[in-house]
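Let's walk through this one together, starting with the whole chain and then zooming in on a single residue. Have the viewer open as you read.

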Amino acid sequence: MREAQRIGARADEFQALRELGTLEQIEPRDGDEAVRDELTRRAGGYIRADVDAWLAHALAAHLGHYRDPAAREAAAGLLPPPVLAHAALLAELVRLVPGVDMDQLAFAARLATTEPEATGDLAAFRARAR
């Protein structure tokens with residue numbers, strides 16, 4: 001019961017910050033993958049796209065609890081392939097062009113959503129090319 005309440009409160013926080021346009025300012029925490037699922041259940045895809053982009057950025061940049069490799073590994077089992085492919089592509093693009101503004105990489109989300117497998121393959125290819 002407490003876990004459901006915690007997830008619900010965090011989902012409310014995500015939704016409010018998204019509406020303010022400040023979702024990217026929140027620090028990722030353990031269990032945010034479940035919050036993503038709750039927001040999807042509540043509001044469908046229109047919020048999920050923003051939360052997915054935020055999660056992908058957090059994973060790629062190792063923000064919040066994603067600093068811990070175990071948390072990133074756990075997220076790989078909890079998040080859908082498009083989010084993971086987006087994160088992988090972001091990580092490689094940032095290595096390619098250090099200091100790039102994440103707003104300039106918005107195309108990565110569209111690629112990951114449309115072709116997650118190809119996006120993941122591109123990220124892996126880029127990683128091998130290093």
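Accessible areas here come from the Shrake-Rupley method with a 1.4 Å probe. By that yardstick, the protein chain exposes about 7,500 Å², and carbon and sulfur atoms supply 56% of that area. Keep in mind that you're looking at a predicted model.

Now for the overall build. The protein chain has seven helices and zero strands, so reading from the N terminus the elements simply go α-α-α-α-α-α-α. The radius of gyration of the protein chain comes out at 14 Å, close to the 14 Å that the globule rule gives for 130 residues, so the chain is as compact as a globular protein of that length. Along its principal axes, the C-alpha trace spans about 50 × 30 × 25 Å.

What about the inside? Buried residues account for 36% of the 130 residues in the protein chain. If you take the contacts between residues at least 6 apart in sequence, 62% of them join residues at least 24 apart.

Now zoom in on glutamate 33, which sits in helix α2, residues 32-43. Which side chain of opposite charge is nearest to glutamate 33? That's arginine 6, but it is 7.6 Å away, and glutamate 33 is buried with no salt bridge. A salt bridge would need a side-chain nitrogen of Lys or Arg within 4 Å of a carboxyl oxygen.

The glutamate 33 side chain does have a polar contact, though: its partner is the side chain of tyrosine 66, at 2.5 Å. Setting aside neighbours within four places in sequence, glutamate 33 is in contact with His65, Tyr66, Ala75, Leu78 and Leu79.

How values were computed: Residues numbered from 1 in each chain as written. Predicted model: local features only at pLDDT ≥ 70, side-chain atom pairs only at ≥ 80, totals over all residues. Heavy atoms only, no water. Helix = DSSP H or I, 4+ residues; strand = E, 2+ residues; numbered from the N terminus. Buried < 20%, exposed > 50% of the residue type's maximum accessible area, 1.4 Å probe, protein only. Lys, Arg positive; Asp, Glu negative; His and termini not counted. Polar contact = N/O pair within 3.5 Å; in protein donor to acceptor, adjacent residues only side chain to side chain. Contact = heavy atoms within 4.5 Å. Rg over C-alpha atoms; globule rule 2.2 N^0.38 Å.
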